[in-house]
Amino acid sequence: MQKYSKIFAWAVVAVMAVAAAVTLLCGGFNFSQTLSGGYLLKFDINQEFELEDLSRIVAAQGVGDYQVLKAGEKQDQAIIRVQKMTDDGEAMTQAVQAEYAGAKFRGCDTVARAMPRKTLLFLALAALAAILAASLYFAARYGSAGGVGALSACIGTMALLLGAALIVRFPITPALLAALLAALLYSLLDIGVYFEQMRGALRKGTADALEEEAGSAAKACRLRRILVALVGAAMFLAAYLLGEASLMGWGLCAMLGVLFAALCTSLLGLPASLWAKKAAGKGKKVRKKVKAIK
């Protein structure tokens with residue numbers, strides 16, 4: 001049964017990676033307005049209006065992420081910030097004037113990207129560098145098997161998180177990027193606590209000894225995983241009820257990050273360490289045979 005669960009875990013990660021790649025090629029990243037820039041539409045409504053009513057009109061235009069603000073001394077002007085637009089605001093103007101007969105369109109300005117692509121690339125490279133550096137540390141502390149296991153678990157965790165965000169088209173905001181890095185940090189922490197329970201078997205033991213200690217190591221991590229997952233779920237639920245989108249992303253990423261990290265550590269990291277342990281054992285036997293022949 002354990003063998004099939006490991007195969008299932010690798011299959012899930014592979015399917016998520018392929019689905020995320022297809023989604024990325026077809027639709028790209030669903031960047032929020034803060035990351036993608038956008039357009040600023042200005043209107044003189046010339047009468048009192050409710051933000052909820054105007055937001056409903058804007059949402060119906062399919063402009064992606066948007067923000068509606070009141071302006072002017074009499075609060076009778078509207079500033080609408082949208083993520084995408086194809087007709088210089090003509091359709092939006094018609095929709096607004098259909099609801100507010102005296103509304104006038106004052107113009108459209110392009111909003112610069114708040115976070116340039118170089119920053120996003122730097123964040124991606126920083127995450128990759130952190131994974132590689134941590135894997136080298138785990139290799140030094142727990143042997144080559146520990147390094148291979150940590151690398152597999154971290155890559156699996158991030159693949160699942162990014163895959164889930166891409167597939168459901170969750171808006172990628174700066175808060176979500178920060179939450180992803182926090183989930184990566186938790187994944188490394190989870191691997192460290194898990195592997196510390198098996199340090200002897202990872203460094204000097206056999207693959208059989210490593211597999212025997214895996215059960216007790218999982219029990220040692222179980223309570224901490226459950227508590228962190230509950231905190232993430234509570235944060236997500238509270239943010240959802242209060243309508244705080246940025247906190248919602250944080251909470252969702254924290255909850256999924258804990259669950260994915262736990263699964264990847266046990267079902268990806270451990271099998272990768274076992275494989276490395278067996279490969280190292282076979283290599284030692286081959287070297288001994290070569291020396292005996294010489």
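**N46.** I began with the exposure of N46 in this predicted model. N46 has a relative accessibility of 45%, so I put it down as partly exposed. I found N46 in the loop between β1 (38-44) and α3 (51-59). Its phi caught my eye: the value is positive, near 60 degrees, and N46 is not a glycine. A reminder to myself: most residues other than glycine have a negative phi.

**Q75.** I then noted another positive phi in a residue that is not a glycine, about 55 degrees at Q75. Q75 sits in the loop between β2 and β3. I logged Q75 as partly exposed, because its relative accessible area is 38%.

**D76.** I moved on to D76, which is in the loop between β2 (66-71) and β3 (77-82). Which side chain of opposite charge is nearest to D76? I got K74, at 5.8 Å, and D76 is buried with no salt bridge. I also listed the contacts of D76, leaving aside neighbours within four places in sequence: D44, I45, N46, Q47, F49 and A71. That list brings me back to N46.

**Largest pocket.** Last, I looked up the largest pocket and wrote down a volume of about 750 Å³. I counted 26 lining residues, and F29, A124, M158, L162 and L180 are the closest to the pocket centre. The elements giving two or more residues to this lining are α1 (2-27), α5 (117-142), α6 (144-167) and α7 (174-196). Which element gives the largest share of the lining? I found α5, with 8 residues. By class, I recorded 24 nonpolar, 1 polar and 1 charged residues in the lining.

Conventions: Residues numbered from 1 in each chain as written. Predicted model: local features only at pLDDT ≥ 70, side-chain atom pairs only at ≥ 80, totals over all residues. Heavy atoms only, no water. Helix = DSSP H or I, 4+ residues; strand = E, 2+ residues; numbered from the N terminus. Buried < 20%, exposed > 50% of the residue type's maximum accessible area, 1.4 Å probe, protein only. Lys, Arg positive; Asp, Glu negative; His and termini not counted. Salt bridge = Lys/Arg side-chain N within 4 Å of Asp/Glu carboxyl O. Contact = heavy atoms within 4.5 Å. 1 Å grid on protein atoms, 1.4 Å probe; cavity = no way out; pocket = protein on both sides within 12 Å on 5 of 7 lines; lining within 4 Å. Points joined across faces, edges and corners; volume = space filled by probe spheres on them. Nonpolar A, V, L, I, M, F, W, Y, C, P; charged D, E, K, R; others polar.
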